[in-house]
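Grab a pencil and work through these exercises one at a time. Try each task yourself before you read its solution.

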Amino acid sequence: MWDTEIRGMASAHAIIASSVFMATILPAILLEKFSVYGMHLVWLYSVAGSVAVVNIAVFWLLGISPPTKRHTLSYKISRLVRSCLYFLLSCLFFHTVVVLYGAPLLESALETFSLAVLLSSMTTLRCLCMLGPNVQAWIRVFSRDGAMSVWDTSLQITTGCSVLGAWLGAFPIPLDWDRPWQVWPISCTLGTTVGFLTGLLLAPVWIHCHRKQLIYKSK
Amino acid sequence: MRRTKRGTARMKRLLVLGLLLWLCALFYVGIFLFVGGFLLVRLEVNRTSTCEDVLSPSAGSQADFCRTQPRFRRAVVLIIDALKVDFARYDHSNLSPRPYENKLPVLQELVSLDRSHAGLFTFQADPPTTTMQRIKGFTTGSLPTFIDVGNNFASSAILEDNLIHQLGQAGKRVVFMGDDTWENLFPKKFHRSLPFPSFNVKDLHTVDNGILQHIYSTMKGEDWDVLIAHFLGVDHCGHRYGPDHPAMADKLTQMNGVIRSVVEHLQNDTLLVVMGDHGMTDTGDHGGESAKETEAALFLYSHAPLFPAPASQAEPPVVPQTDLVPTLALLLGIPIPYSSVGQVLLPLFPPPGHPQGGRSGPDQSEALWVNVKQVNRFLQTYSSMANDIPPDRLSELRAAFAYVSSAYLASVQQGAPASPELLRSMQAYLTSVRDTCRASWARFHPLKMAAGMVLLAGACLLCYLLSELSSAVLTEGALRAPLVAGVCVGVCVAVAQLASQGHLDAPWCLAAAAGSSEVLFLWRHRRRATHSSKSRPSAPSQLVGAALLVLALRCASLLSDSYVIAEGRVVTFLLCSLGLYVPLRLNWDGHLLPPPSPDSQKPPGALPAIPLPAWAVRREGVALCLSLAVLAGSLCLSLALHACREEQGASCQPSAFLAPLARMQDERLRNLHYLLSLAALAAWTHLLYRWLRHYGNLNAPGAPAVFAARWLLPAAAVLTGLHWAVSATPEDSFRSLAELIRLAQSVLPRAAYAALGLGVALLWLDPLTVFVKHRAPASASTHHLPPPPRYRASTGISPQAELHHLIPQLYQRIRHSLEDGPASAAEAAGGSSGQDGRPAVEAYGLGTVYSAPLVLLVGLLGTGVLLLHPESLAPAFLLMLLEAAALLHIHATCTTLSGQQGDHATGFRVPWAPVVLWSLAACQFFHATGHLPTFASLQWGAAFVGFPDGHTGTLLPATLVTLNTFSSHILFALACPLLLFWPLVTEVRCNKSGRSGGEESEDVVMEMRLRENPQQFSSALLQLAARYLFVCGAQVFASVCAAAVLRRHLMVWQVFAPKLMFEASGFLVGSVFLLLGVALVLRVDVAVSGWFKRLLPDASR
Ligand SMILES: [Zn+2]
Ligand SMILES: [Zn+2]
């Protein structure tokens, strides 16, 4: 049972990771003069969009969405609306946090917000997919014995890695190397993406290695 | 039994203070040693030579060379930055030259064409081989160090006598083009100047092309006498690509062309000097003292014969850079600059007795004599001002001068040409003077630097160890042995030095003393350190890793010039990271959500403390979020208050809050700023006042500390506001009131100083803010439960505050404990109102008895340093207060939530995270109050607050500027013990509502907990201070390492050395105030002890 779950997760993660690569390659084929640095926002939104779509598709197909108590249409719609609202709020939250870390407040606000969108689509969106619009559950998941399934553990790992990547991505910005990727927010978005990919890779491996220690409480 | 415990377990006040003093002293010695080896100091002599000085002693016999026709009417000085001597040599046999070889053939061509017209030398630069220091060196002829004491830090203009000044005095028109460093060094000294920006190292061509556009047209014109052109391309090429790169070949080839065409434009009466200011290493850097950096090229050329005796093979292969100054001066017919220690280049002057051949100017003996006299005059002036030249050396030099002058005067009187021996002894004199000066000014002391670094590292290690072992060290009293050993070793070394060398080398004695005491301490505690780290696997808080990681990142950031330049933002980033990590970690550990069920698995044997009830967790969680929001807000707003470094370029706009109001043009804006500042000042005072009132510290009617809080603090604030109003009025308005304004400008700040000083003095005299109210005897039923107090404070204190911040129970407890003891105690205690009816006593403000004086002192001092800042920076201080409060609350809620509050096993230890946050906040507000670690950004205006007419001494203005510069270090260091008190102060909040049962009242003792556990109190205080010292000391150590390792980095004198100075001074000032804060706490403890004794006379038995 363990192995099938881990294998399923690995393949799901592989699909999501490949979507990131596709989102990089496709614009390069379709658009002339495309480069990750030069048309950074295009790349960013393509990655964010594809990650979002693939995430939703994968989790919907796999059925790892939170159990819904009612199946009425209105309830589903209200959940959808709340999810969208939460996603927007998380974008704003990340924007605020990034500004707190020292991002310019007014100039290049669009870039900062785009970074927030990317971060949200790599962290909040997965939370929404797995746990639904339930902040209590989110807070619960991110504690030591809060994970209740392998998917929760993978959520912990990918989210942590994405945020850590964005944090590390800010390090080279003040250096005077004059590289194109030091421009705000390229290094941070690259860091986020790399962190996310690392998390996707790391989660099945880590869970596989620690499968003995992992004990999940029933929901 | 209880009694004996109380007898032995006393606060070890003196030991705590002694240990901290010893730690600080170790740091000071380390810093002193390193700085002594790294920052070479020299006094500037601000005198200038005149033509009268150089008159020959036998006036009349020789013409004053100043007034005669000089040898050359004009000179062209081409400075090619970083022109290494290897670049200038030409080797025919080298068939496959490297990119930097054989690219300047024009020099060799000219030399081989006629040896009497041209000469190529190795130009020996003195360290520090940075462009600015070198320009100073070859214009003043001196050996500039990093700190030339006497120069004004605010601008870099050269005040010492120099060639440019002398040329101007002589009426020569100096035209300058190139590196804009010159424009800063010699403002308004040039006849015409075309500076180009030099900062961007990546830009190879702007400066050079700018020069080339103008140099030929200028040379063709007639309105110049001396033309200085400073090319930067070679240097920048080196920094960017290194010498071994095709770009260097292109650049040198371009320079070759430049020299060639300049030579074509030369006229017969013009001297051409081509030189490099320093060399470069194989990586293209410079700044240090290696041969590759110091060996530049010097090329002299003229159409007229330049070397009168070309046959002579005495051509010096190496010319020290200082020698150019006297040579050029004598060739151009101006006096040698006063502070020059160079000697004339002899081959350029005709030998004595030779026919002059129509040439004018001095011959070799005259030139040397002028030079010797000038150098001797400088040496006398300098040695009368400073005493860094060893006296025995000085007397040798005096004797040599006496011999040379008598010999020369004798030969002049005989009319015979000076003998070669005389010339040689004159040269020997000049050389030995220069060598003496170089030995004391221009050499790093690697041994001293290394010793300083070792000492600092040891001191940091010691701090860490002490913070881990604080309780063990305190029980043992392990200070005496290291102190004795240190003093003994220091004295031994001193005696040995006196015996062997005859004089005392204080730095080494101190180093030996500090080192030996460090080693002894470490040796004695090495075993326990390993043991304790095994026995206690993890610190109570899991934040250790993150906090030390952030500290490590902070230290690493000091090793990169980019991060030092962006320091303000880097620190904010790190602070934000650690601040946001705290709640994440709490949540990870499951402390943020109420425990789901009471029977959740707990490791057996864990603390029996009851887990916090759900409502308390939720409430603390909200408090944590609010504190984080305040922290975030103040971080964000403080970013808007930063100043800009020169290196940040045009992308950085300095904050509008940094300019004094009087300089603001727009009247409405000025009023707005004034109102904002006033509001911030009012809020600052009000918040402090409210806090004190809230905790019942303002009730005692006669207490001096209360007087300070109620009257002196607001009075100082009002005076400050008035002072701002007066100083903000533009000078031209209110002419009729000018006299009054002037008076007010000095009286108002001085009155504020006086009020604050009085407040601090009163606070120190009697720091207690406790008010005791004796009530009528209570009924017998309230034996265990004192009734709610009915007394209402006259200050309008809220009944709620009254309920929760009075500690009536405490006194009852003490009484109970006494009653349990011998009967005589109870008898004596009840003496005031009889045996059975005990006096019920309420003590207001006893719960904050330690923190209240500290808060008040911070408030008083903060108002004082705020007065020293530009008016508009008052919001920065308000932010500082808010952020400090937020940090304290975050720390307190963390302690509460992670359940360490009632845990006596952990004592009162403060974990690493809040200490690191605290220190980072100090650094952050250094930047947010408009300061930068550069000398140009010192706020000199602070010296004139209250003293608009200036000062007579230097101590007072220096103190004021120091207080201004390190204001945030001072305030945070002083307030550091609050980290220990705050969890206790806020403790009451989570236990209060609804539950005032007997058990709960046990808990509501706030800071009296400390009093009950004096041992743990003193060890926690020592630990906190040691941790703070460690965090600050690690940063000093990192910047020391940066300066030592990167001493030949391009930015060492612009970035790393000033950063080191600021970091070290910040540590010095901060540690002093940390000690003051700790001392105040101990002082309060003494006062509290006295108070208890007075209250219960028998307790002293
Ligand atoms: Zn240079
Ligand atoms: Zn350079």
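Buried means under 20% relative accessible area, exposed means over 50%, and partly exposed is what lies in between (1.4 Å probe, protein chains only). This is a predicted model, where local features need pLDDT of at least 70, side-chain atom pairs count only at pLDDT 80 or more, and totals for chains, interfaces and linings use all residues. Residues are numbered from 1 along each chain as its sequence is written, chains are lettered from A and ligands numbered from 1 in the order in which they are written, and side-chain values use heavy atoms, with hydrogens and water left out.

**Exercise 1. Find the protein donors of the zinc ion (ligand 2) and work out why their arrangement is irregular.**

Step 1: Get the rule straight. Donors are N, O and S atoms within 2.8 Å of the metal (3.2 Å for Na, K and Ca); water is not among the atoms, so sites may look incomplete.

Step 2: List the donors. B:Asp235 appears twice with OD atoms, and B:His239 and B:His286 each give NE2, at 1.9 to 2.4 Å from the zinc ion (ligand 2).

Step 3: Check the angles. Four donors count as tetrahedral if all angles lie between 85 and 135 degrees; four count as square planar and six as octahedral if opposite donors are over 155 degrees apart and all others between 65 and 115; anything else is irregular. Here the four donor atoms subtend angles of 58 to 152°, so the arrangement is irregular. For comparison, the ideal angle for four tetrahedral donors is 109.5 degrees.

Step 4: Read the spacing along the chain, which is D-x3-H-x46-H. B:His239 sits in helix 9 (residues 233-241) of chain B, while B:His286 is in the loop between strand 8 (270-275) and helix 11 (291-294), so this pair, 47 residues apart, links distant parts of the chain. Helices (H or I, at least four residues) and strands (E, at least two) are DSSP runs, numbered from the N terminus.

Step 5: Are these two histidines buried or exposed? B:His239 has a relative accessible area of 15%, so it is buried. B:His286 is buried too, at 3%.

**Exercise 2. Now describe the site of the zinc ion (ligand 1).**

Step 1: Pick out the donors. B:Asp81 is listed twice with OD atoms, joined by B:Thr131 (OG1), B:Asp277 (OD) and B:His278 (NE2), at 1.9 to 2.6 Å from the ion.

Step 2: Write down the sequence spacing: D-x49-T-x145-D-H. B:Asp81, in the loop between strand 2 (74-80) and helix 3 (85-88) of chain B, and B:His278, in the loop between strand 8 and helix 11 of chain B, are 197 residues apart, and the pair links distant parts of the chain.

Step 3: Add burial and distance. B:Asp81 and B:His278 are both buried, and the zinc ion (ligand 1) is 4.4 Å from the zinc ion (ligand 2).

**Exercise 3. Describe the interface of chain A and chain B.**

Step 1: Count residues. Chain A brings 20 residues and chain B brings 22, where contact means heavy atoms within 4.5 Å.

Step 2: Look at the area. Buried area is the accessible area (1.4 Å probe) that two parts lose on being put together, summed over both. The two chains bury about 2,000 Å², with 64% of it on carbon and sulfur atoms. A:Leu100, A:Tyr101 and A:Arg144 supply 35% of the area that chain A buries here, more than any other three residues.

Step 3: Count polar contacts. Each is a pair of N or O atoms within 3.5 Å; within protein, one must be able to donate a hydrogen and the other to accept it, and residues adjacent in sequence count only if both atoms are side-chain atoms. Six residue pairs are in polar contact across the interface (both at pLDDT 80 or more).

**Exercise 4. Place B:Glu567 and find its polar partner.**

Step 1: B:Glu567 is in helix 22 (residues 567-588) of chain B. Its relative accessibility is 1%, so B:Glu567 is buried.

Step 2: The side chains of B:Glu567 and B:His927 make a polar contact of 2.6 Å.

**Exercise 5. Decide why helix 5 of chain A is largely enclosed.**

Step 1: Eight of the eight residues of helix 5 (residues 124-131) are buried, so the rest of the structure largely encloses it.

Step 2: Look just past helix 5 of chain A: A:Gly132 takes a positive phi of about 75°.
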